[in-house]
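I opened this model to look up a few local features and kept notes as I went. The entries follow the order in which I looked.

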Amino acid sequence: MRYKPIIGMEVHVELKTLSKMFCGCKNDPFEAKKPNIYTCPVCLGLPGALPVANKKAIDWTLKLGLALNCQINYLSKFDRKHYFYPDLPKGYQISQYDLPFCYNGFIKTNDGVVRICRVHLEEDTGKLIHTTVNGEKVSLVDFNRSGVPLIEIVTEPDIYSSSQAKEYAKKLYQIIRYLDISEADMEKGQMRLEANVSLIKEDSCQLPEYKVELKNINSFRFLEKAINSEIKRQIEILEKGKTPAQETRGYNAEKNQTFSQRSKEEAQDYRYFPEPDIPPIKITNQWLKAIKKELPEDIFSRLLRWQKDYQVRSEFVENLFETSLQADWLEKVFQNMRKAGLDSGKLVNLILHKKIKVNLFQDQPEKLVDIFKKQTVIEDVSDDQLKGIVKQVLKENPKAVEDYKKGKTTVINFLYGQVLRVLKKKVEFERVKKIIEKTN
Ligand code: ZN
Ligand code: MN
């Protein structure tokens with residue numbers, strides 16, 4: 001029997017606003033010197049404290065929604081999602097239920113369109129630390145993270161392979177970094193990936209009757225590996241004529257295995273109801289217009305356009321920048337290169353291979369043309385002239401020569417630099433290297 005995977009994804013992203021979602025506390029849990037220093041009655045969940053929504057966090061949610069091709073709910077609201085856990089002092093999380101800020105978007109992948117059903121805004125929880133104090137096992141709570149703005153992006157089950165899941169997650173990460181609304185560092189938990197994985201028979205078009213939620217995945221590579229190992233595990237169960245249990249599973253990277261965390265036999269009842277302390281939010285045309293004005297050109301269209309306008313390959317140049325401001329800097333560089341009749345593709349290559357000295361995003365974009373010319377134009381130098389200079393350089397640097405002979409081969413870069421300095425011209429590294437080796 002052959003099976004095909006049906007995968008949906010849920011991604012949580014912490015926004016890097018200066019303050020938290022519903023209070024004025026500093027939003028900086030990772031740099032905090034001590035636990036529980038960025039707290040107040042609101043984010044500690046003390047009775048009677050009143051939340052006030054962070055306007056910037058809503059702006060950024062709308063921005064992301066637009067970048068993900070979503071529609072916007074002109075009337076939106078926050079809701080209480082009730083559950084008990086020690087890192088959630090109020091006993092409920094302020095989230096969004098039936099009226100998320102954004103809905104009906106998509107990201108295109110090479111294997112098809114992945115529809116995004118909703119993008120909503122909520123608050124992060126505190127953090128539990130399991131440790132030993134005075135020989136006793138204890139769990140401590142740090143509320144520095146409690147109330148940090150958190151965006152949740154949920155897809156339809158439109159993903160059919162682990163590689164497509166990886167591509168989706170990477171593209172989402174690129175868009176978030178491009179908008180500069182989160183550092184999205186997965187090791188710090190600023191971007192958290194969850195995949196719902198189930199299998200159906202290859203010829204079936206019905207939805208599977210169970211789903212397994214994969215959590216604790218902190219890199220794109222692990223996402224792919226976790227899904228693959230989970231697919232394997234589910235096939236083994238299905239082959240035995242059984243149905244995999246509906247549950248939440250974590251991923252152990254060392255064993256490359258998923259493991260059961262908790263069973264989820266029925267959908268949990270969170271008793272959602274509208275948050276009475278925050279009035280519903282009207283997104284006016286004027287508000288949305290201002291957001292659209294700030295929205296940069298779509299990152300993927302821009303990469304395609306660059307390919308046409310400046311002959312730079314997307315798969316290379318996309319490794320050079322993250323934010324749209326950095327992309328603006330690169331674009332200015334490419335414009336200048338084109339004006340000077342120079343090859344931007346080659347420049348991208350040199351920067352990626354660290355073969356050109358450039359202060360990325362700091363140098364004046366106009367300066368790059370000169371830097372490129374100085375460091376790449378190869379001039380005519382005779383072998384005899386070169387040999388003479390190499391001899392002189394080796395004589396002037398006996399220590400370096402000695403180190404080189406002892407096997408410290410990196411010294412050759414230094415000697416090469418010295419040769420160029422004396423020569424005041426650019427020659428190929430390999431050529432100089434050969435002469436140095438012979439002279440030795
Ligand atoms: Zn607070
Ligand atoms: Mn959530």
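**Entry 1: a loop residue and its hairpin**

I started at asparagine 256, which sits in the loop between β13 (247–252) and β14 (257–263). I note here that the model is predicted. The phi of asparagine 256 is near 50 degrees, which is positive although the residue is not glycine. Most residues other than glycine have a negative phi. I then asked whether asparagine 256 counts as buried, partly exposed or exposed. It counts as partly exposed because its relative accessibility is 31%, and partly exposed covers values from 20% to 50%.

I next looked at the strands on either side. β13 and β14 pair in the antiparallel sense, and I found six bridges between them. One of the bridges joins glutamate 247 to serine 263 in β14. The hairpin of β13 and β14 has four residues between its strands, and asparagine 256 takes its positive phi there.

**Entry 2: the sheet**

Which strands make up the open sheet, and in what order? I listed nine strands, in the order β2-β6-β7-β10-β1-β11-β12-β13-β14, with mixed pairing. β2 (71–72) and β14 stand at the edges; each has a single partner strand, so one side of each is left without a neighbour in the sheet.

I also checked β6 against β7. The two run antiparallel and are joined by seven bridges. Among these, lysine 108 has valine 113 in β7 as its bridge partner.

**Entry 3: threonine 109**

I stayed on strand β6 (residues 102–109), where threonine 109 is found. Why does threonine 109 count as buried? Its relative accessibility is 9%, and buried means under 20%.

I then listed what threonine 109 touches, leaving out residues up to four places away in sequence: Val114, Gln164, Glu167, Tyr168 and Lys171. With glutamine 164 there is a polar contact of 3.1 Å between the two side chains. A polar atom of the threonine 109 side chain also lies 2.6 Å from the backbone oxygen of glycine 112. For a long-range distance I took threonine 109 and lysine 426, which are 43 Å apart in space, C-alpha to C-alpha, and 317 residues apart in sequence.

**Entry 4: the zinc ion**

Which residues are the protein donors of the zinc ion (ligand 1)? I found Cys23, Cys25, Cys40 and Cys43, each giving its SG atom, at 2.3 to 2.4 Å from the ion. The angles among the four donor atoms are 101 to 116 degrees, and the site is tetrahedral. The ideal angle for four tetrahedral donors is 109.5 degrees.

Along the sequence the donors of the zinc ion (ligand 1) are spaced C-x1-C-x14-C-x2-C. Within this set, cysteine 25 and cysteine 40 are 15 residues apart, and both lie in the loop between β1 (3–14) and α1 (55–67). Cysteine 25 and cysteine 40 are both buried.

**Entry 5: the manganese ion**

I moved on to the manganese ion (ligand 2). It is coordinated by His12 through NE2 and by Glu122 and Glu152 through OE atoms, at 2.1 to 2.2 Å. Water is not among the atoms, so the site may look incomplete. The donor spacing along the chain is H-x109-E-x29-E. Glutamate 122 is in strand β7 (residues 112–123) and glutamate 152 is in strand β10 (residues 149–155), 30 residues away. Both glutamate 122 and glutamate 152 are buried.

**Entry 6: helix α12**

I looked up the span of helix α12 (residues 411–423). Its 13 residues reach 19 Å from the first C-alpha to the last, close to the 18 Å expected at 1.5 Å a residue. The buried residues of α12 are Val411, Ile412, Leu415, Tyr416, Gln418, Val419, Leu420 and Leu423. I noted that their cover includes α10 (383–396), α11 (398–405) and α13 (429–439). After α12 comes lysine 424, with a positive phi near 60 degrees.

**Entry 7: another positive phi**

I finished with glutamine 311, in the loop between α5 (299–310) and α6 (314–317). The phi of glutamine 311 is near 55 degrees, again a positive value in a residue other than glycine. Is glutamine 311 buried or exposed? Glutamine 311 counts as exposed because its relative accessibility is 56%, and exposed means over 50%.

Conventions:
Residues are numbered from 1 along each chain as its sequence is written. Chains are lettered from A and ligands numbered from 1 in the order in which they are written. This is a predicted model: local features need pLDDT of at least 70, side-chain atom pairs count only at pLDDT 80 or more; totals for chains, interfaces and linings use all residues. Side-chain values use heavy atoms; hydrogens and water are left out. The expected span of a helix is 1.5 Å times one less than its number of residues. Buried means under 20% relative accessible area, exposed over 50%, partly exposed in between (1.4 Å probe, protein chains only). Contact means heavy atoms within 4.5 Å. Donors are N, O and S atoms within 2.8 Å of the metal (3.2 Å for Na, K and Ca); water is not among the atoms, so sites may look incomplete. Four donors count as tetrahedral if all angles lie between 85 and 135 degrees; four count as square planar and six as octahedral if opposite donors are over 155 degrees apart and all others between 65 and 115; anything else is irregular. Two strands pair if DSSP finds at least two bridges between them. A polar contact is a pair of N or O atoms within 3.5 Å; within protein, one must be able to donate a hydrogen and the other to accept it, and residues adjacent in sequence count only if both atoms are side-chain atoms.
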